[in-house]
Amino acid sequence: MKIGKKAVMGISFMVGTIMFATTAFAEVSTKSGYEQAKDALKYTADSLNSKLQNYTVNTSIIVKDNGDIISEKDYINKYDLSKDAIENTSTDSEGNKPKIISHYYRDKKTVINEVSTDNIYNVTNFTKETKFEAFGNPFKGKQVSDVERIIDAAVGELKDSVVVSPKDNGTKELSGNISESQIPAIANAIVSYEVKSKYSSDNSNSNSNSNSNSSIFPNNISDVYVKNVSGDMILNKDGLILSGLGSAEITCKDKEGKVHNLNFQIVGKIVDINTTRINKPDLNGKKVNVSSNQADNNKLSDPQSYVGSYKNDIVIKKDGKFQKIGERIVDLTSVDDKKIIGRYHEEYIKGYESYASDIKNTNFTASVKDAFNANFEITDSKGNKIKGNMGVNSNSATINFGFDNVQSQDSSYNYEYSRVFN
């Protein structure tokens, strides 16, 4: 079976969710192991996002199929919140394929990434300094409390599964193990649904965007369920998670009836707290591809550069062939951070004028929400009010432009317009 990074990370996240659901979200009246685990996860996420100056997170993910290692991924992620800098190194091993080593660096002014397969350092320089969130906090979302309540209802009697073991040095160990018979039916139903819908698409129905070629799971699987889940974490005296180990086994059958026991093991450590040092890559003598980008992706650093005409082709299928019958044109006459003013019109090759839409010629003023999202409303030739949306692509001479519930019904409509150069 083939396996890709996105598939492994997706399944690993799903396994983590199961573990979290069955160990961390139980609501009890005292500080049980479940509640202490939940507190530790929340405190650690908040610390990694805002409290610590710098730290390193080492992670290893191993996936086995019937005892054979099919994927092994190692990550060394360094974060310096005080300097807004990140340095990541990942090593991917898959079957008998060569290892792929990737490097990623980012600070306020620069992004540098390199993959061992091409040996080229891609460098992006920001026109202005930019701040970014090094570690997203999953507990800051608006719907977190709702998710907790939903999972609480499914946990049932598993609230006694986490064991707390205090240590003499002030640290504590939280551990838990859940066997097949203890796993709630709803948890298995969710896993089965997620696996079948996201990671085991039928090749006959797949398209160019399908991830079936990178899935851990074979096509047309059945009997998907979780056999066991276990977890272990070490907390320091403040409640920060210093290390964690999680494992889960998911079993399924392929279309030939062969059973696949997929074992996931995730090991993570937080080390070098407030002593981590991040080094910018030395590019001397390296192959380098340099580009520039605006610092604030929600604002255009040079909006007037987008003033001009943009076109795309109007195409129909006739007599078994695609045929151009005209052009859609968007003329932008004014662009700034608050509004975009322009004109939309259509031009047809002689003999195809009957294909013209009811929005063949109109002016518009779009209110800008951000650089990629501006809304407008126009009146078509029949007096109907039509809403639309557009945005400029900051790294290319293109825009996106379309009308709600009108052009979107035409499968031949192309939302991307290219700049016209004289």
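This passage walks through the predicted model of the protein, from confidence and overall make-up to strand pairing, cores and a few single residues.

The structure is a predicted model, so local features are taken only at pLDDT of at least 70 and side-chain atom pairs only at pLDDT 80 or more, while totals for chains, interfaces and linings use all residues. Residues are numbered from 1 along each chain as its sequence is written, and side-chain values use heavy atoms, with hydrogens and water left out.

Confidence comes first. The pLDDT (the predictor's confidence in each residue, from 0 to 100) averages 78 for the protein, and 75% of the residues score at least 70. The low end is helix α1 (residues 5–23), with a mean of 48, and the high end is strand β1 (residues 54–65), at 92. Residues 1–11 have pLDDT below 50, yet in the model this stretch makes 41 contacts beyond near neighbours in sequence; a contact here means heavy atoms within 4.5 Å. Another weak spot is residues 201–214, where pLDDT stays under 50 and the model has 17 contacts beyond four places in sequence.

As for make-up, the protein has 4 helices and 20 strands. These elements are DSSP runs numbered from the N terminus (helices are H or I, at least four residues; strands are E, at least two). Of the 422 residues, 42% count as buried, where buried means under 20% relative accessible area, exposed over 50%, and partly exposed in between (1.4 Å probe, protein chains only). The protein exposes about 23400 Å², and carbon and sulfur atoms supply 47% of that; the areas come from the Shrake-Rupley method with a 1.4 Å probe, and for residues only the protein chains shown count as cover. Among contacts with a separation of 6 or more, 52% come from residues 24 or more positions apart.

A run of antiparallel pairings links β8 through β11. Two strands pair if DSSP finds at least two bridges between them. Strand β8 (residues 172–178) is joined to β9 by 7 bridges in the antiparallel sense, with G176 opposite G231 in β9. From there, β9 (residues 222–235) runs antiparallel to β10 (residues 241–253) over 11 bridges. In this pairing N228 sits opposite E249 in β10, and V229 has A248 as its bridge partner. The β9–β10 hairpin has 5 residues between the strands, and its G239 takes a positive phi near 95°. Next, β10 pairs with β11 (residues 259–271), again antiparallel and over 11 bridges, with C252 facing H260 in β11. The β10–β11 hairpin also has 5 residues between the strands, and here G257 takes a positive phi near 95°.

On to the interior. In soluble globular proteins, nonpolar side chains tend to be buried together. A nonpolar core is a set of buried Ala, Val, Leu, Ile, Met, Phe, Trp, Tyr and Cys residues joined through side-chain atoms within 4.5 Å. The largest such core holds 22 residues, of which L332, M390, I399 and F401 touch the most other members. At least two residues of this core come from each of β14 (321–335), β15 (339–348), β16 (361–370), β17 (373–379), β18 (385–393) and β19 (398–403). Not counting residues up to four places away in sequence, I399 touches Y310, V330, L332, M390, G391, V392, N393, Y415, E416 and Y417. Apart from this core lies another, of 18 residues, among them V191, V224, L262 and F264.

Two polar residues in strands are also worth a look. S93 belongs to β3 (residues 85–93) and counts as buried because its relative accessibility is 19%. Leaving aside neighbours within four places in sequence, S93 contacts I70, S71, E72 and K99. E114, in β5 (residues 110–115), counts as buried at 7% relative accessibility. With the same neighbours set aside, E114 is in contact with I101, S102, H103, N119, I120 and Y121. The C-alpha atoms of E114 and I101 are separated by 8.4 Å, with their positions 13 residues apart along the chain counted as the offset.

Finally, backbone angles. Most residues other than glycine have a negative phi. N66, in the loop between β1 and β2 (68–80), goes the other way with a phi near 55°, and is partly exposed at 36% relative accessible area. D272, in the loop between β11 and β12 (287–293), has a positive phi of about 50° and is partly exposed at 44%.
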